[in-house]
Amino acid sequence: MTSPLLSNAALAERDLRHLWHPCTQMHDHQTVPMLPIVRGEGAWLIDADGRRYLDGISSWWTNIFGHANPRIAAALKTQLDTLEHVIFAGFTHEPAIELAEELVRITPPGLDKVFLADNGSAAIEVALKMSFHYWLNLGHGEKTRFIALSGSYHGETLGALSVSDVALYRKTYAPLLLTPFLAPSPDAYEGEPGESAEQTAERRLSELRNLLEQHAHETCAVIVEPLVQCAGGMRMYHPRYLSGLRSLCDEFHVHFIADEIAVGFGRTGPLFACEQASVTPDFMCLSKGLTGGFLPLSAVLTHNAVYEAFYAEYSAGKAFLHSHSYTGNPLACRAALATLQIFRDEPVLARNRDLAAHLAQRLAPLRDHPHVADVRQTGMIAAVELVRDKLTRAPFPADERRGLRVYLHGLEHGALLRPLGNVVYFMPPYVVTESEIDFLVDVATAGIEKAVR
Ligand SMILES: *Cc1c(COP(=O)(O)O)cnc(C)c1O
């Protein structure tokens with residue numbers, strides 16, 4: 001079926017002549033295949049040689065309803081013939097208006113204003129700047145610092161990277177970054193022996209309280225990934241931390257920024273992870289699943305009180321200054337509306353509950369594996385932590401790249417798994433079937449077997 005000009009090998013060779021890929025040591029591609037994908041079909045990707053891969057990670061967590069979703073595609077086709085883009089300062093359009101209405105409707109109560117940007121990192125930049133500027137407008141220009149959790153990831157532009165604590169991304173660029181105060185993560189995996197996840201959360205809250213007692217006067221906001229620190233290794237924590245964080249932020253007059261870029265839109269169970277603690281953050285950042293993986297778009301939601309702190313005569317100089325050329329792009333807004341329509345029309349969250357239960361059941365046997373320290377899950381995110389020594393939980397040295405072996409095994413056997421270091425994780429699109437989950441777990445298990453040898 002393939003012409004030699006469109007084979008994997010031919011396209012990979014052309015790719016490597018001019019392209020430079022993200023999160024990649026390009027030298028790896030001397031041995032790791034560069035895979036040209038020509039088509040997507042639901043949970044599957046199809047390469048130029050006609051081979052199929054089950055997308056076990058929703059293509060970096062974006063394609064929540066799989067690939068080439070016909071409903072989103074149809075909405076986009078109509079929008080394409082109507083309005084592709086328009087400047088978003090002084091002008092507006094129905095897709096953005098409707099999207100803002102819908103986001104306000106579905107997010108926790110009290111988030112009434114929507115600021116649009118075009119990727120996750122940009123949403124974080126917006127939230128950080130807006131929080132700082134809010135305090136400035138209220139006469140608190142001394143608040144210039146942020147508190148982030150150890151092991152957090154909020155993106156890789158300089159501001160977003162500043163509040164991230166994953167060494168792989170941060171270390172090299174550290175001299176360029178703001179320095180946040182780091183609060184210890186409530187990550188249950190790092191809990192004391194015998195401690196429950198909730199007790200770990202309580203202990204970490206008291207440490208956060210200490211930090212706030214010292215630094216709240218100079219702090220704008222605490223930023224967290226609610227419930228799951230994703231890029232930091234799918235580290236999970238108890239919702240108690242979020243309700244405690246809400247109280248502490250109120251008590252110490254600092255903002256609570258919830259980065260739901262990865263965990264939003266049903267990934268942890270309910271539509272938003274914050275719902276599991278019944279909290280409304282001061283800023284909620286959304287992206288990734290927002291457009292079902294069709295187009296880049298992000299949104300920052302906040303409450304009216306924040307908006308009002310910027311609302312004044314022009315001469316007061318209080319306006320929020322942040323813009324992107326493609327802010328509010330109508331095509332992206334339309335894709336987001338179609339994605340949210342699927343949540344309204346189909347029992348997505350109920351089906352995810354069944355899929356998540358099935359995934360849990362299929363992963364359970366791995367708990368007994370001599371090189372598995374932890375199998376953890378929050379909704380449609382599951383992770384298997386590989387270690388050298390199960391008893392001491394001593395990790396495999398990073399340079400052994402065990403995860404890469406799982407990745408390569410996956411590709412050989414028709415599954416896209418992309419471990420984070422020694423953490424093999426599953427974040428499938430919600431259109432996956434139980435038998436496809438079985439396939440994914442079987443391939444991963446065999447890959448793990450090979451990788452730990
Ligand atoms: C991916 C991610 C980001 C950054 O989003 P980009 O669109 O990749 O810039 C920020 N925060 C979290 C939690 C993420 O997972």
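Reader: How much area does the chain expose, and what share of it do carbon and sulfur atoms supply?

Author: Accessible areas come from the Shrake-Rupley method with a 1.4 Å probe, and for residues only the protein chains shown count as cover. In this case the chain exposes about 20,100 Å², of which carbon and sulfur atoms supply 56%. This is a predicted model, in which local features need pLDDT of at least 70 and side-chain atom pairs count only at pLDDT 80 or more, while totals for chains, interfaces and linings use all residues. Residues are numbered from 1 along each chain as its sequence is written, and side-chain values use heavy atoms, with hydrogens and water left out.

Reader: What percentage of the residues count as buried?

Author: Buried means under 20% relative accessible area, exposed over 50%, and partly exposed in between (1.4 Å probe, protein chains only). Of the 453 residues of the chain, 54% fall in the buried class, whereas Leu 158, at 46%, is partly exposed.

Reader: How should I read the sheet that contains β1, and which are its edge strands?

Author: Strands of a sheet pair through backbone hydrogen bonds, either parallel or antiparallel. Strands here are DSSP runs of E with at least two residues, numbered from the N terminus, and two of them pair if DSSP finds at least two bridges between them. Four strands, in the order β1-β2-β3-β15, make an open sheet with mixed pairing; its edge strands, pairing on one side only, are β1 (37-41) and β15 (415-416). Strand β2 (residues 44-47) runs antiparallel to β1 and is joined to it by four bridges, with Glu 41 opposite Trp 44 in β2.
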